[in-house]
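Me: Please go through this protein model with me, from the overall fold down to single residues.

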Amino acid sequence: MEFDEVIFSRRSVRSFQDKEIPDIILSEMMEAARVSPSFQNKQCWRFIVVRNKNTIKELALKSGLVSKVNFFIKDAPVVVIACSDPQKSGTMNNQDYYLVDTTIAFQQMMLTAWNHGIGSCWLAAFNEKKVRDILGIPANIRVVALSPFGYPKEKKSIYEQTIKLISQCKKRDDITDIISFDKWDF
Ligand SMILES: Cc1cc2nc3c(=O)[nH]c(=O)nc-3n(C[C@H](O)[C@H](O)[C@H](O)COP(=O)(O)O)c2cc1C
């Protein structure tokens, strides 16, 4: 895809085909994260790539912050857990940059996947302790996000259609509401 097509066609994907992601594409996704910018180039991120179907099922059943909100990830061939070591990043102006570092890298991974027709969905509604327990993540490491990765199903599941309706996923603020020139003018 052209760069602007990647940016403007991207959407969250919540229903997946039963089709593996080729290793070469998976490697490219990881490389895209690896070369991301970070606070003092400290590269605090760590990514766990889960391909084991039993582990994916366990995450689908048990990782939800509330009930089984993440059940839809069960069909994804890959789930990536974006982790971060806050001690390896830094704080400036009272802002913790481990979240920023890891978010940039994960988004680069997601856009690279989308460039190959592979969908993902940033998930924040997870129970950190449960994710930690399932994957053996140590206490000093934060789980920033997780995402399924896979080829989108042509027909969206009822769950996906419902979430998209509730979240009004296509709605964005007007450009004039979010940009001002030369000074704060909102
Ligand atoms: C920080 C963040 C947290 C999110 N958490 C969830 C989540 O827990 N579950 C979910 O289904 N989608 C989640 N999303 C996806 C958003 O609902 C989605 O990006 C938004 O509705 C816009 O839709 P689009 O990504 O298709 O453009 C999250 C997105 C972001 C950036």
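The questions and answers below concern a predicted model.

Me: How many helices and how many strands are there in the protein?
Reply: From the N terminus on, the elements run α-α-β-α-β-β-β-α-β-α-β-α-α. The count for the protein is seven helices and six strands.

Me: What radius of gyration does the protein have, and why does it agree with that of a compact globule?
Reply: The C-alpha trace spans about 50 × 40 × 35 Å along its principal axes. For 186 residues, a compact globule would have a radius of gyration near 16 Å, so the value for the protein agrees: 17 Å.

Me: In what order do the four strands of the open sheet stand?
Reply: The pairing in this open sheet is antiparallel. Strands β1 (45-50) and β5 (119-120) each have a single partner strand, so they stand at the edges, with one side of each left without a neighbour in the sheet. The order is β1-β2-β6-β5.

Me: Over how many bridges do β2 and β6 pair?
Reply: Strand β2 covers residues 78-84 and strand β6 covers residues 142-150. Ala82 stands opposite Ala145 in β6. The two strands pair in the antiparallel sense, and the number of bridges is seven.

Me: What angle does the direction of helix α4 make with that of β6?
Reply: Helix α4 (residues 97-115) packs on the sheet, where it touches β1, β2, β5 and β6. Its direction makes an angle with that of β6 of about 5 degrees.

Me: Which strands does helix α5 touch?
Reply: Helix α5 (residues 128-135) also packs on the sheet, and its direction makes about 70 degrees with that of β6. The strands touched by α5 are β1, β2 and β6.

Me: Is His116 buried, exposed or partly exposed?
Reply: His116 is found in the loop between α4 and β5. A residue needs 20 or more C-beta neighbours within 10 Å to be buried, and 12 or fewer to be exposed. His116 has 16 inside 10 Å, so it counts as partly exposed.

Me: How far apart in space are His116 and Ile25?
Reply: In sequence, His116 and Ile25 are 91 residues apart. Their distance in space, C-alpha to C-alpha, is 7.6 Å.

Me: How many of the residues in the shell around the ligand are nonpolar?
Reply: The residues around the ligand include Arg11, Ser12, Trp122, Leu123, Ile163 and Cys169. By class, two residues of the shell are polar and one is charged, while the number of nonpolar residues is seven.

Note on methods:
Residues numbered from 1 in each chain as written. Predicted model: local features only at pLDDT ≥ 70, side-chain atom pairs only at ≥ 80, totals over all residues. Near = placed C-beta within 6 Å. Nonpolar A, V, L, I, M, F, W, Y, C, P; charged D, E, K, R; others polar. Pairing = 2+ DSSP bridges. Contact = placed C-beta atoms within 7 Å. Axes fitted to C-alpha atoms, helices over the stretch in contact; angles between N-to-C directions. Rg over C-alpha atoms; globule rule 2.2 N^0.38 Å.
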